[in-house]
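Here is a short set of questions and answers for a first look at this structure. Keep the view open while reading.

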Amino acid sequence: MNHATSPVGAPVGTFTQLLSSTRRGARLARLLAVTELRSRGASQDLTERAELVVAELAANAVLHGRVPGRCFRLTLALDPAAGRLRVEVTDARGDLWPWPAPAEDGPDALPLGGRGLALVTALADHWDCVPHPPGGKTVRAVLTTPADG
């Protein structure tokens, strides 16, 4: 049974959940992220941006990172004092890595796919992809809240 876990030694503000590699699992990842961030008092701006980033990364994990019988993992690490959130989505396909779509020339150039990572790039301060042994990958995105002033 899937359930939220807090690994021993995990920093305060960390949430991890295994989810089925299905459209339903991707939708649940988004809903859980919003619920978790709201319960921890994250700002509305950070929560809304994180919702879109989680939705895209979870959808990519389901569409492009799916291995039959394997789940994907959502991890949120919130540091309220620093106004920083790290979103991680880990899937089982280490052989297929995400890359932002190249910019198309011309005003009418609308690629059929690949716009999701452009959205992540626009909403996150930084994103990258790292191997997750034994054969998967983790896509990480960092979102920060603007300093008041």
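Q: In what order do the 5 strands of the open sheet run?
A: This is a predicted model. Its open sheet has 5 strands, and their pairing is antiparallel. Read across the sheet, the order is β1-β2-β3-β5-β4.

Q: Which strands are the edge strands?
A: An edge strand here pairs on one side only. Two strands fit that description: β1, residues 14-19, and β4.

Q: What does the twist average from one strand to the next?
A: The strands of this open sheet follow the order β1-β2-β3-β5-β4. From one strand to the next, the twist averages 15°.

Q: Which strands does α1 touch where it packs on the sheet?
A: Helix α1 packs on the sheet, and its direction makes about 15° with that of β2. β2 covers 72-79 and β3 covers 84-91. The strands touched by α1 are β1, β2 and β3.

Q: Is α1 roughly parallel or roughly antiparallel to α2?
A: Helix α1 spans residues 23-39 and helix α2 spans residues 44-64. They pack with their axes 8 Å apart, at an angle of about 155°. Angles over 145 degrees count as roughly antiparallel. So α1 is, relative to α2, roughly antiparallel.

Q: Is the crossing of α1 and α2 left-handed or right-handed?
A: The two helices pack at an angle of about 155°. Their crossing is right-handed.

Q: How many nonpolar residues does the contact of α1 with α2 have?
A: From α1, the residues that meet α2 include Ala26, Ala29, Val34 and Leu37. Among those they meet in α2 are Ala50, Val54, Ala58 and Val62. By class, the contact has 4 charged residues and 1 polar; the nonpolar ones number 11.

Q: How many bridges join β4 and β5?
A: β4 covers residues 126-132, and β5 covers residues 136-144. The two form a hairpin with 3 residues between them. Asp128 stands opposite Arg140 in β5, and Val130 has Thr138 as its bridge partner. The antiparallel pairing of β4 and β5 runs over 7 bridges.

Q: Is Pro133 buried or exposed?
A: Pro133 sits in the loop between β4 and β5. Its relative accessibility is 64%. Over 50% counts as exposed, so Pro133 is exposed.

Q: How far apart in space are Pro133 and Ala92, C-alpha to C-alpha?
A: In sequence, Pro133 and Ala92 are 41 residues apart. In space, the C-alpha to C-alpha distance is 9.1 Å.

How values were computed. Residues numbered from 1 in each chain as written. Predicted model: local features only at pLDDT ≥ 70, side-chain atom pairs only at ≥ 80, totals over all residues. Heavy atoms only, no water. Pairing = 2+ DSSP bridges. Helix = DSSP H or I, 4+ residues; strand = E, 2+ residues; numbered from the N terminus. Axes fitted to C-alpha atoms, helices over the stretch in contact; angles between N-to-C directions. Parallel < 35°, antiparallel > 145°, perpendicular 65-115°, else oblique. Left-handed = near helix turned anticlockwise from the far one by under 90°. Contact = heavy atoms within 4.5 Å. Nonpolar A, V, L, I, M, F, W, Y, C, P; charged D, E, K, R; others polar. Buried < 20%, exposed > 50% of the residue type's maximum accessible area, 1.4 Å probe, protein only.
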